[in-house]
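Got the model loaded in your viewer? Here is a walk through it, one selection at a time.

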Amino acid sequence: MIMTEHTNETIQALRQNIRYFLKWTFISAISGVTIGLAGTLFGLGIQKATAFWKSHSWTLYLLPLVGLLIVWLYRFAHEEKNRGTDMVLDSISSTEEVTPATAPLIFISTLLSHLATASVGREGAALQLGGSLGNLIGKAFRLDEKDRKIAIMCGMSACFSAVFGTPMAAAVFSMEVISVGIMHYSALVPCVISSLTASMLARHFGAMPEVFPITDLPALTALTVGQTILAAAAFAVISVVFCIALHLSEHTYKKYIANPYLRVFVGGLIVVLLTLLLHTNDYNGAGMPMIARCFEGSVPPWAFMMKIIFTAATLGAGFKGGEIVPSFFIGATLGCVIGPILGLPAALCAGCGMVGVFCGVTNSPITSLLISFELFGFEGMPYYLITIAVSYMLSGYYGLYSSQKIIYSKTRTEYIDAHTH
């Protein structure tokens, strides 16, 4: 009798798992296609906008006016209080709703920011775009509140994958970034399917990822391990500086300039003046050309600090875009500079810097490791692993997103449940 009951329970559980698998395979495939298309269009649009301002330098002077247009768009849509990526993260960890207007607003405003040379990235915007569209898909399928959270994570993975071309990292990032110390494994199958589907779709339409294979690798010895640890400590420190700069910039703008139109206009003027003073546009836009130069071993020693200043001045004022590619820029340029000083190849240290700073600002070590494999190859795994582990611990409880929760301590087996600084 007991065996029969146990067998029946096992069969019921198996049937439930199969239903779950079929249900989410279908929904995540739909998400991967629809949101992958939106992400591909978004990524290609940013490429076109960047190419335009690269060949038409006068677009720099449009930055203050573009800022005014962005503020007006959000006010026109009654989204003045839209908190961007923080809102998307809260929609998964709490009961906050991702507004439908988030998707078109972040799509248009990020393209405008890039067109006018604003120092912003694209992946943070992709999380908002994907999360908003994922929520709409969840509603279209009449999913309950808990399943809609999975749909939002699906959307985030799909759009991140389509825009950046790292499907492994994209699949994990949306599960890892929300609550540091735990992962929402219930979303594993949906996020993997949506991420891979979106990636294949993006490649089909010509949105190829930028990769930086690293082959100049020294032997792993006690000396190179020590050198890598020192570099990782520097990346952790600069990730904290970047987070503080972003949060302090936003606070300072709001403290001294209450009017959002005036605030974004002044921020645009500051970026224009900084660009003219430095006689270079290396720090405008996302900065991928400078990142590529890091792997050739030639960047100004102050480049990482300039990018922090440009990005903080831009995003703090109210322009829209992502913080992730700027964090890659900061890490790559710092690594390129300190690598030879420490005795490491510049290209290797640039790669370590990219994932080290990314880990420090997102508190996502597994995603960081997967990104390193997808961008640089597997051969340098020990160096990336050391860098990520050290940066994760030493960066403390700082982060890009104030809605991100630290569930478990980074240094003790202790439950803390605190928000990042």
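Start by selecting Lys 405, which sits in strand β2 (residues 405-408). Keep in mind as you look around that this is a predicted model. Lys 405 is partly exposed, at 23% relative accessibility. Show its surroundings and leave out anything up to four places away in sequence: Lys 405 touches Ile 178, Ser 179, Val 180, Asp 417, Ala 418 and His 419. Now add Ile 416 and draw a distance between the two C-alpha atoms. You should get 9.3 Å between Lys 405 and Ile 416, which are 11 residues apart along the chain.

**A pair of helices**

Next, select helix α7 (residues 167-176) together with helix α15 (residues 365-376). At what angle do the axes of α7 and α15 cross? Roughly 170°, and the axes come within 8 Å. An angle over 145° counts as roughly antiparallel, so that is how α7 runs relative to α15.

Turn on side chains to see who makes the contact. From α7, pick Pro 167, Met 168, Ala 169, Val 172, Phe 173 and Glu 176. From α15, pick Pro 365, Ile 366, Thr 367, Leu 370, Ile 371, Phe 373 and Glu 374. Color them by class and the contact of α7 with α15 splits into 10 nonpolar, 1 polar and 2 charged residues.

**Salt bridges**

On to the charged pairs. How many salt bridges are there? The count comes to 9, and three stops will give you a feel for them.

Stop one is Arg 83 with Glu 96, whose side chains meet in a salt bridge at 2.7 Å, N to O. Arg 83 lies in the loop between α2 (63-76) and α3 (85-93), while Glu 96 is in the loop between α3 and α4 (102-115), so this pair ties together parts that are 13 residues apart in sequence. Both ends are partly exposed: Arg 83 has a relative accessible area of 37%, and Glu 96 comes in at 27%.

Stop two is Glu 250 and Lys 254, another salt bridge, with the closest N and O atoms 3.2 Å apart. Both belong to helix α9 (residues 222-256), and because they are 4 residues apart there, about one helical turn separates them. Glu 250 is partly exposed at 35%, and so is Lys 254 at 46%.

Stop three is Asp 282 with Arg 293, where the closest N and O atoms of the salt bridge are 3.4 Å apart. This one links distant parts of the chain, 11 residues apart: Asp 282 is in the loop between α10 (260-278) and α11 (288-294), and Arg 293 is in helix α11. Asp 282 is partly exposed, with 24% relative accessible area, and Arg 293 is partly exposed too, at 29%.

Before moving on, add Asp 90 to your earlier Arg 83 and Glu 96 selection: salt bridges with shared partners join Arg 83, Asp 90 and Glu 96 into one network.

**Arg 148**

Now jump to Arg 148 in helix α6 (residues 145-164). Is Arg 148 buried or exposed? It counts as buried, at 19% relative accessibility, with the cut-off for buried being under 20%. Leaving out residues up to four places away in sequence, Arg 148 touches Glu 97, Asn 135, Gly 138, Lys 139 and Leu 143.

**Two helices to check with a ruler**

Select α2 and put a distance between its end C-alpha atoms: they are 20 Å apart, which agrees with the 20 Å that 14 residues should span at 1.5 Å a residue. The buried residues in α2 are Leu 63, Pro 64, Val 66, Gly 67, Ile 70, Val 71, Leu 73 and Tyr 74. Show α4 and α10 as well, since they are among what covers those buried residues of α2. Just past the helix, click on His 78, which follows α2 and has a positive phi, near 60°.

Last selection: helix α8 (residues 188-204). Its 17 residues should span 24 Å at 1.5 Å a residue, and the end C-alpha atoms are indeed 24 Å apart. Which residues of α8 are buried? They are Pro 190, Cys 191, Ile 193, Ser 194, Ser 195, Thr 197, Ala 198, Ser 199, Leu 201 and Ala 202. Finish at Gly 206, which follows α8 and has a positive phi, near 90°.

Conventions: Residues are numbered from 1 along each chain as its sequence is written. This is a predicted model: local features need pLDDT of at least 70, side-chain atom pairs count only at pLDDT 80 or more; totals for chains, interfaces and linings use all residues. Side-chain values use heavy atoms; hydrogens and water are left out. Axes are lines fitted to C-alpha atoms, for helices over the stretch in contact, and angles run from 0 to 180 degrees between N-to-C directions. Helices (H or I, at least four residues) and strands (E, at least two) are DSSP runs, numbered from the N terminus. Angles under 35 degrees count as roughly parallel, over 145 as roughly antiparallel, 65 to 115 as roughly perpendicular and the rest as oblique. Contact means heavy atoms within 4.5 Å. Ala, Val, Leu, Ile, Met, Phe, Trp, Tyr, Cys and Pro count as nonpolar, Asp, Glu, Lys and Arg as charged, and the others, Gly among them, as polar. A salt bridge is a side-chain nitrogen of Lys or Arg within 4 Å of a carboxyl oxygen of Asp or Glu. Buried means under 20% relative accessible area, exposed over 50%, partly exposed in between (1.4 Å probe, protein chains only). The expected span of a helix is 1.5 Å times one less than its number of residues.
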